[in-house]
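Please open the structure in your viewer and keep the selection tool at hand. We will go from stop to stop, and at each one you will know what to select.

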Amino acid sequence: MQFNFQILPTSLPLIGSQESSDIQTPSDWLSNKEGILNYAKISRRSKRVVSVRFSHTRRWWCGLLLGVVLGCAVAATILTRLDGSDPTNVLGLTPREVRLAERVREMEQQNQLLRRQLSISQNQLIQAWGAEGEENTDKLGDGTGNGEQSATKCKEKEFGVPKCEVLQIAIVCAGYNSSRSVVTLLKSLLFNRRNPLHFHMIADAKAQVVLHTLFSSWNVPHVEVSFYLTDNLAADISWVPNKHYSGVFGLMKLTLNKALPSTLKKVIVLDTDITVATDIAELWNLFSKFGPKQYIGLVENQSDWYLGKLWKSHRPWPALGRGYNTGVILIRLDVMRRSKWSQKWKLIAERDLTTLFSTQLADQDIINAVIKQHSEIVYNLPCQWNVQLSDNTRSELCYLEVMDLKAIHWNSPKKLKVKNKHVEFFRNLHLTFLEYDGNLLRRELFGCNNSRSITSSNSLAQLNEEDECYEFRRARQTNYRTHLFFLDYEYDPTTDGYDVTLVATLSMDRLQMVEQLLTHWDGPVSLTLYMSDAEAQQFLSYTQSSEIIATRKNVAYHVVYKEGNFYPVNFLRNVGVQHVNTPYVFLTDIDFLPMFGLYVYLRKTLQNIHPDDSKKAWVVPAFETQRYRLSFPRSKAELLNRLDMGELFTFRYHVWTKGHAPTNFAKWRTATTPYKVPWEQDFEPYIVVRKDVPEYDTRFVGFGWNKVSHIMELHVMGFEFIVLPNAFIIHMPHAPSLDIAKFRTSPQYKRCVKILKREFVDDVNQKHNSDIALQ
């Protein structure tokens with residue numbers, strides 16, 4: 001906060017003196033615009049600010065009073081020493097004492113008058129400052145200075161926009177990578193906003209799946225989302241040849257008048273590579289400045305592209321001056337529709353394509369060509385609303401201070417690697433939102449209850465916080481923010497109907513195991529990662545630097561963002577299974593390496609067996625090593641040799657024998673065909689099943705019974721467990737997880753797992769009419 005002060009006079013003549021008639025009274029000061037009101041142009045938003053202003057006036061008056069009192073004392077001393085006559089009055093006062101007393105009374109009366117004037121001045125100053133504060137507040141409220149609300153009340157408007165007015169924002173988003181970049185834009189909007197927002201997402205099928213899951217799991221109050229499939233709009237623009245890297249999606253903004261609801265009158269349109277640095281309501285307020293014929297607001301292009309001076313043979317599309325950039329657009333849809341926009345842009349595009357043959361900057365070329373012929377339709381937005389960081393940009397002429405920046409546009413194909421003398425600052429601003437914890441944006445907009453908000457389930461409020469297992473129960477009710485297909489994913493299942501996807505979960509401390517896994521498994525993979533926003537960016541950097549990961553497009557990475565105190569392992573498994581596109585899934589853990597060729601073996605085995613019953617679970621035997629460096633066995637015979645030599649062990653034989661004992665490893669050593677094994681309590685094998693397998697129970701978080709409960713329910717539902725004779729996986733050593741450490745050291749943790757086990761068994765028995773009893 002900045003204060004502007006003006007120096008007041010340090011002394012005033014005494015009231016009643018000749019000089020006092022030439023002095024302005026406090027009332028005159030208040031009426032003088034160069035006086036007290038200019039002394040402190042500070043809004044009455046804080047009583048502390050008023051006290052700061054008033055203290056300067058009070059100090060001056062106190063100094064004056066102190067001077068008067070000291071003057072009286074000096075005068076009394078002088079008169080006493082000068083007059084030595086005898087007392088003549090009834091009170092025994094000498095003439096000199098009488099004159100002194102009269103002088104003292106005169107000074108007291110003058111002091112009383114000064115105090116009254118000071119009191120009046122105080123009240124007038126406070127009233128004047130209050131009126132100024134209300135005026136400033138009302139100016140912020142309605143943009144006219146005619147507001148009626150008190151400054152002490154909650155402001156009903158910001159930047160001329162009513163507090164609870166819903167702002168409409170349209171974004172074109174296509175593909176998995178684009179859906180990742182749009183999240184940073186969304187964070188920057190939500191971080192700065194004070195109004196409800198309604199997002200209109202023009203998206204292809206891939207992005208729609210991602211964004212629908214993201215918004216529903218993000219659960220941000222006072223945010224609504226509508227989706228519009230690009231397939232329904234492609235016919236209107238696919239005839240336009242386009243050399244831009246965005247393809248047909250770069251032309252989608254031309255169809256917004258048709259795509260968006262007819263009831264929608266105005267909308268802000270943003271590219272996914274925009275980072276907003278202020279409240280978007282400021283931009284929305286600029287609609288009020290449009291003229292009657294203006295229906296599209298744009299920022300001037302900040303490069304010489306449309307001037308045709310970049311290289312010798314450069315032939316840009318026609319544009320008005322430097323042209324306009326379409327990364328940020330204000331559109332009055334009602335006026336646009338009345339102007340017959342669709343016919344207008346198509347006629348102009350057809351004409352220019354006869355000589356230019358294709359667009360180079362997609363919709364931007366065609367919109368500029370329209371404006372060239374119809375300049376009356378455009379409103380020039382302040383350049384700070386689209387600071388363009390492309391090559392050869394002149395954007396530095398647009399801002400002098402950080403506060404000038406409103407929206408940053410990474411419109412170069414190089415994105416964050418573009419060359420710009422201020423790029424480090426812009427990059428840091430972008431990374432701030434990129435790594436910002438999106439869970440913190442789930443804040444309520446108080447006073448806007450009339451705007452529909454997405455509310456969380458009442459089940460969380462019904463939990464008893466005195467329950468010693470409250471944290472476990474809360475974790476089950478948590479709606480974890482989920483970003484599906486964080487990286488590009490491309491895979492078409494085999495046509496034989498027996499394709500298998502490996503499903504596993506991991507956190508940041510297991511990331512190094514992904515490369516090893518991919519060298520052992522050639523088929524499709526579905527990995528769910530539990531990470532913070534910052535860790536997700538570290539993961540992205542890791543994948544871009546890994547040749548093994550970068551070359552595999554058949555691996556789906558789903559990011560579930562951290563929230564709470566537990567690792568929600570079963571929630572993560574469910575996310576991974578729900579989004580596979582193969583008939584079968586192999587349910588394993590990230591710290592197991594499958595034998596070489598296991599993917600091909602599973603497919604061939606399923607083809608040969610032709611399972612006619614979906615209620616079969618094919619068990620892959622699990623082993624382990626305690627050596628960090630292991631020469632991985634290439635065959636079953638080699639594995640058995642290592643087993644006999646003590647280099648390998650059956651999994652958890654020395655810690656949790658019950659978990660895998662039913663696999664019957666003794667029989668597996670000599671088995672050549674699949675064999676059925678009975679279910680036993682605490683059995684938790686790694687299995688291959690159809691993808692429509694029942695979900696994992698999400699009450700089990702962290703360590704303990706997360707797989708056991710799933711296998712138990714499969715058994716109750718009638719699943720058979722069949723061991724595969726020539727398949728195996730090996731557990732690789734690693735440091736214990738935090739949840740295992742909690743389980744081993746916390747009696748309360750163990751008690752809660754037992755309680756959850758009993759409750760789960762009761763629920764399963766009731767659900768499936770079974771009679772399982774815990775041993």
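This tour begins with the whole chain and then visits two sheets and one loop.

**The whole chain**

What you have on screen is a predicted model. Colour it by secondary structure, and you will have 24 helices and 25 strands to explore. The chain has 775 residues, and 51% of them are buried. Among contacts with a separation of 6 or more, 78% link residues 24 or more positions apart. Now turn on the surface: the chain exposes about 37,400 Å², with 52% of this coming from carbon and sulfur atoms.

**Stop one: strand β3**

Select residues 167-173, which form β3. How many of the seven residues of this strand are buried? Seven of the seven are, so β3 is largely enclosed by the rest of the structure. Show the side chains next. L167, I169, I171 and C173 point one way, while Q168, A170 and V172 point the other way.

**Stop two: the neighbours of β3**

Add residues 197-203 to your selection: this is β4, which pairs with β3 in the parallel sense over seven bridges. To find one matching position, look at I171, whose bridge partner in β4 is M201. Between the two strands the chain passes through helix α5 (residues 176-192), and this β-α-β crossover is right-handed. α5 lies across β3, β4, β5 and β6, and runs at about 160 degrees to β3.

Then select residues 266-270, strand β6. β6 pairs with β3 in the parallel sense over three bridges, and V269 in β6 stands opposite A170.

**Stop three: on to β5**

Select residues 223-229 to bring up β5, which is joined to β4 by seven bridges and runs parallel to β4. Two positions help you line up these strands: L197 has V223 as its bridge partner in β5, and I202 stands opposite Y228. Helix α6 (residues 205-218) takes part in a right-handed β-α-β unit with β4 and β5. α6 lies across β3, β4 and β5, at about 165 degrees to β5.

**Stop four: the seven-stranded sheet**

Now step back from the single strands. In which order do the seven strands of this open sheet lie? The order is β5-β4-β3-β6-β9-β8-β10, and the pairing is mixed. β5 and β10 (378-380) are at the edges with a single partner strand each, so one side of each is left without a neighbour in the sheet. On average, neighbouring strands here are turned by 25 degrees against each other, direction ignored.

**Stop five: a three-stranded sheet**

Move on to an open sheet of three strands, in the order β7-β12-β11 and with mixed pairing. Its edge strands are β7 (274-276) and β11 (387-388), each pairing on one side only. Select residues 407-409 as well: this is β12, which runs parallel to β11 and is joined to β11 by two bridges. V387 has I408 as its bridge partner in β12. Helix α13 (residues 423-434) packs on this sheet, touching β7, β11 and β12, and the helix direction makes about 80 degrees with that of β7.

**Last stop: T478**

Finish by selecting T478, in the loop between α14 (470-477) and β13 (482-483). Is T478 buried or exposed? T478 has a relative accessible area of 18%, and the cut-off for buried is under 20%, so T478 counts as buried. Zoom in on the side chain of T478: one of its polar atoms lies 2.9 Å from the backbone oxygen of R474.

Conventions:
Residues are numbered from 1 along each chain as its sequence is written. This is a predicted model: local features need pLDDT of at least 70, side-chain atom pairs count only at pLDDT 80 or more; totals for chains, interfaces and linings use all residues. Side-chain values use heavy atoms; hydrogens and water are left out. Helices (H or I, at least four residues) and strands (E, at least two) are DSSP runs, numbered from the N terminus. Buried means under 20% relative accessible area, exposed over 50%, partly exposed in between (1.4 Å probe, protein chains only). Contact means heavy atoms within 4.5 Å. Accessible areas come from the Shrake-Rupley method with a 1.4 Å probe; for residues, only the protein chains shown count as cover. A polar contact is a pair of N or O atoms within 3.5 Å; within protein, one must be able to donate a hydrogen and the other to accept it, and residues adjacent in sequence count only if both atoms are side-chain atoms. Two strands pair if DSSP finds at least two bridges between them. Axes are lines fitted to C-alpha atoms, for helices over the stretch in contact, and angles run from 0 to 180 degrees between N-to-C directions. A crossover is right-handed if, with the strands pointing away from the viewer, the path from the first strand over the helix to the second runs clockwise.
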